[in-house]
Structures are given as C-alpha cells and as structure tokens.
Amino acid sequence: MGDVAARFAEIVGDTNLLSGEAIPEDYAHDEALTAAPQQPAYLAKPGSAEEVAELLKAATEHGVPVTARGAGTGLSGGARPRADSLVISFERMNAVLEIDSENHVAVVQPGVTLSDLDEKSTAAGLGYTVHPGELSASVGGNVGTNAGGMRAVKYGVTRHNVVGLQAVLPTGEIIRTGGKTSKVSTGYDLTQLIIGSEGTLAIATEIIVKLYPRLPHGATVLAPFETFDEVMTVVPKIISSGLAPHILEYIDNLTLAAISYNEKLSLGVPDSIRDTAQAYLVVALENRDDDRLHADIEELGGMLGELGAMDVYVLEGNSARKLIEAREKAFWTAKSVGADDIIDVVVPRSAMPEFLRKTREMALSRESGALGCGHAGDGNVHLAIFCKDPDKRKQLLTDIFALGMELGGAISGEHGLGQAKSAYFLDLEDPAKIALMRRIKESFDPAGILNPGVLFAERA
C-alpha cells in the first residue's frame, strides 16, 4: 500500500478503504448513457464530517482528484471518477438525524435515500416533496445536481427545499450555511451556491430540508390530445386556474405506449383514442378534504374537455399510483429500448410547443428520433435521443441545446451537466459567465481537486 492509500486508510479505517482492483465496478460510473465506466484509484467510506475533512486535506496535499458519490443514480456522468481519483462514498453516512415537527424540517446525512427520508417523515405526518423519479437516489446527490422531478410545479426543486448545509471545503474546513430558518439576508447565500455545483465547490455532509404536511386525498387525471400544441396550450390555463396541481406532465404517445407495456399498465384508454392521440396530459391534484378534491377534479375535467381533450380519465388509488410510478421509470424504459442519450433541456413553458416541434424536425432530418415526456408545468423537457452515429448525435445535441438556449432556456433543468454535457456548455454559454464560474471554482478549490472534468471539461 502506497503512502496516499495508507493515509486514507488511517483516516477511515482499513475496512473502509479500498484501492485498485478491489473496488467494485459499480463505483466506476453512474447511470449516464454516454459516460464510459472509469475505475478510480481509491474508494473511501467515511463515517463523519471530520473524516471527510481529513480525506480532502490529504487529497489536496497529494493532488488526488476527488469525486463524491451518493447512490450513483445520476444521469450526467457527475459521479464518474477519474482513473487517479479518490471516490468518497456516503453509504455509511446515511442517517436521518432529526425530524423537527415544529420547524417542519429534517436534518439528514448525505447518504440518506429519498425512500428512507419518506419513511421517517411519514411517521410525523410530513413529507419531503422533491421526487426526481428514483427513490433510491440520495439526498446528497440531489443537492449536487439540484434535482427536481414531477412535483416541482408546486413545491419547487431541491434548492427551494434545502435551507441549510454542513459542508466541507477541499482545504479541510467544515462550514455551516443557512439553518432551520425560512429566510436569511446576511451575506452571500452559500447554501444556494453549493446546491447544483455538482461536487465542484464543496462536499455536503449534513443537509436541512423542508418538510410539508401530507395531504390525505389525491387523484390523477389522464387526458389525451390529438396534437402536442393542444397540450401545451392547456398547461398555462390549468396553472392560472388556481387548482394548484402538484404534478403536471406531458407524455408523447410512443412513450406512454412503451411505459404501459413495460409496467403492464392498463389505463382504460380505448383503441380508437390511443391510435389517434399524439400526446397525453397527466394532472395530479391533492387536498386535505375529499369533497373539495372531487370538486376540483370535476372543474379540471370540464376545463380539459372545453380545451380540446379527446376524453378525460380520472384515476384514483392504485391506478393513479401505478401511472405515476410508470412515468417515473421512463428513463429505464428508454434505456431498455436502446436510447443513445437522455437530455433534459428546460425552456419557458410558453416556448415548449416551438421547442418540441423544432426538435422533432431536427431529429427527423438526421434520420434520428427524439421522443419522451416532461414536466409541462415548468418547461423541463425529457427526451430520449435515438441516433447511433456519434458525430451525427453530437451535432444534433448541439443544435437542440442551442435552440433551447435561444428560446430562453438552459441545457439541463435538473440532471446537471456532469461530464456528459460539459463540452456543450462550454461551447454554447456566455464566455463571461464561464469565466466568472471558473473564478468561483478557484476560490473554493484552489488546487482543483473536486470533480475535475465536471462543468469545466475541455472541449471535445
């Protein structure tokens, strides 16, 4: 064992440090489709913030790159290590430290999964509302990418639901940002700067998240439409109605067919409608009162009918749950049918029809496919890209990302750039903004050890 490995083992203990071929292959990648696995040099499993601090100090001293890893469910290559790197895995730091029912917050370690937090908060009648589609994802990983999900239309994304952090700087200092308060106006908001930084500025070791009261009654409406444009015309009208849906999704016809087949989902849509509908709208409402919920559903159904829905299907209980679960597994469905990439461009809601129309035209002109679904309520479009030729695919993605930005959006709404999309970011983003981000990176991480290749990768 070399000096560096010996130092890491001294910090976390021999049983919590692996090196070389002893590291399981799973730590060499996340779920990104285009980032090939890369075995790291070292894998450490710390048990405390103090151990993380010592690991980072040692890594800085020896010039060892560091990649923080939660559950490895990311879709952008953000948890893909370098060959000479140290992976810090938070699988031992996985405790829900506190459910504070008075302040409606939970204090958790970064390795806590969303399913763990959901189970612990349910007992208090509360819930954490960020559900990015994979409940085995870790809260720390969600902080890294500023994960969102279907409920963002009502509750926001990770940055709207994290009020404080304990974080370790690469030089070994442990800092606290924010707290259990609902607002702060004292200096720079370091909490929000670290959220979404994809492990390039600091490593979160404790997270304070908002909890909301669980509403006991809910129902989901599925509405087919003949065209994409009709679906997108309906969305702002639903939002302005005051019905406050907590899920507002569109799914194209091919994607719904695929997830229904994969998940053995029966929705009761007759063949005559299924054969002609081009897109579906999924709207979920919740309420503390069952009568009020049914009144809202009746109002929503009437509105959808007036705005061109071919029919309206109200799903409750198990049927609604199965549809939402199937939608959350859309990535796995796309992967199983051979998608070559997954993207999550975000645009203003009003720009979604134009973005979707032009994206389909771009793909067809290259004999490729761009199919999927998305968060219609917040403009986040999730597309599976089918294009085998890597050069052709690179140009197609460049054009799609450029279109999204021209329409007032961004390359990623919630997956992050990771290593998979960083080169596009460097090519398309304002150079002045990139230069500012580099200066921020250097002030946090002067040795440049945290997640190199993420955000600031060299152009391909």
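So, the interface of domain 1 and domain 4: five residue pairs are in polar contact across it, counting pairs where both residues are at pLDDT 80 or more. That cut-off matters here since this is a predicted model, by the way. On the domain 1 side, the residues that touch domain 4 break down as two nonpolar, four polar and one charged. And how many salt bridges are there between domain 1 and domain 4? Zero.

Let me fill in the rest of that interface. Domain 1 covers 1-89 and domain 4 covers 338-446, with domain 2 (96-213) and domain 3 (216-328) making up the other two assignments. The contact draws on seven residues from domain 1 and 10 residues from domain 4. Together the two domains bury about 770 Å², and 52% of that is on carbon and sulfur atoms. Their centres, taken over C-alpha atoms, sit 29 Å apart.

Okay, on to salt bridges. Side chains of opposite charge can pair when their charged atoms come close. In this model we count 24 salt bridges, and I'll walk you through a few.

Take Arg-214 and Asp-118, whose side chains form a salt bridge at 2.6 Å, N to O. Which parts of the chain does this pair link? Distant ones: Arg-214 is in the loop between β11 (212-213) and β12 (217-225), while Asp-118 belongs to helix α3 (residues 114-122), and the two positions lie 96 residues apart in numbering terms, that is, they are 96 residues apart. For exposure, Arg-214 comes out at 35% relative accessibility, so we call it partly exposed. Asp-118 has 24%, so that one is partly exposed as well.

Next up, Arg-357 with Asp-229. Here the closest N and O atoms of the salt bridge are 3.9 Å apart. Arg-357 sits in helix α14 (residues 352-365) and Asp-229 in helix α8 (residues 228-240), so this bridge ties together parts 128 residues apart in sequence. Arg-357 has a relative accessible area of 34%, which means partly exposed, and Asp-229, with 37%, is partly exposed too.

Now one that stays inside a single helix. Asp-271 and Arg-274 both lie in helix α10 (residues 271-274), three residues apart, which is about one turn of the helix. The closest N and O atoms in their salt bridge are 2.0 Å apart. Both residues are partly exposed, Asp-271 at 46% and Arg-274 at 41%.

And there's a network, if you want something to click on: Arg-7, Glu-10, Glu-54 and Lys-57 are linked by salt bridges.

Last thing, backbone angles. Two residues to look at here. Asn-146 has phi near 55 degrees, a positive value in a residue other than glycine. You'll find Asn-146 in the loop between α4 (139-145) and α5 (152-155). Is Asn-146 buried or exposed? Buried: its relative accessibility is 11%, and the cut-off for buried is under 20%.

Then there's Lys-264, also not a glycine, with a positive phi of about 50 degrees. Lys-264 is in the loop between α9 (253-262) and α10. That residue has a relative accessible area of 70%, so Lys-264 counts as exposed.

Definitions and conventions:
Residues are numbered from 1 along each chain as its sequence is written. Side-chain values use heavy atoms; hydrogens and water are left out. A salt bridge is a side-chain nitrogen of Lys or Arg within 4 Å of a carboxyl oxygen of Asp or Glu. Helices (H or I, at least four residues) and strands (E, at least two) are DSSP runs, numbered from the N terminus. Buried means under 20% relative accessible area, exposed over 50%, partly exposed in between (1.4 Å probe, protein chains only). Domain bounds come from an automatic or database domain assignment. Contact means heavy atoms within 4.5 Å. Buried area is the accessible area (1.4 Å probe) that two parts lose on being put together, summed over both. A polar contact is a pair of N or O atoms within 3.5 Å; within protein, one must be able to donate a hydrogen and the other to accept it, and residues adjacent in sequence count only if both atoms are side-chain atoms. Ala, Val, Leu, Ile, Met, Phe, Trp, Tyr, Cys and Pro count as nonpolar, Asp, Glu, Lys and Arg as charged, and the others, Gly among them, as polar.
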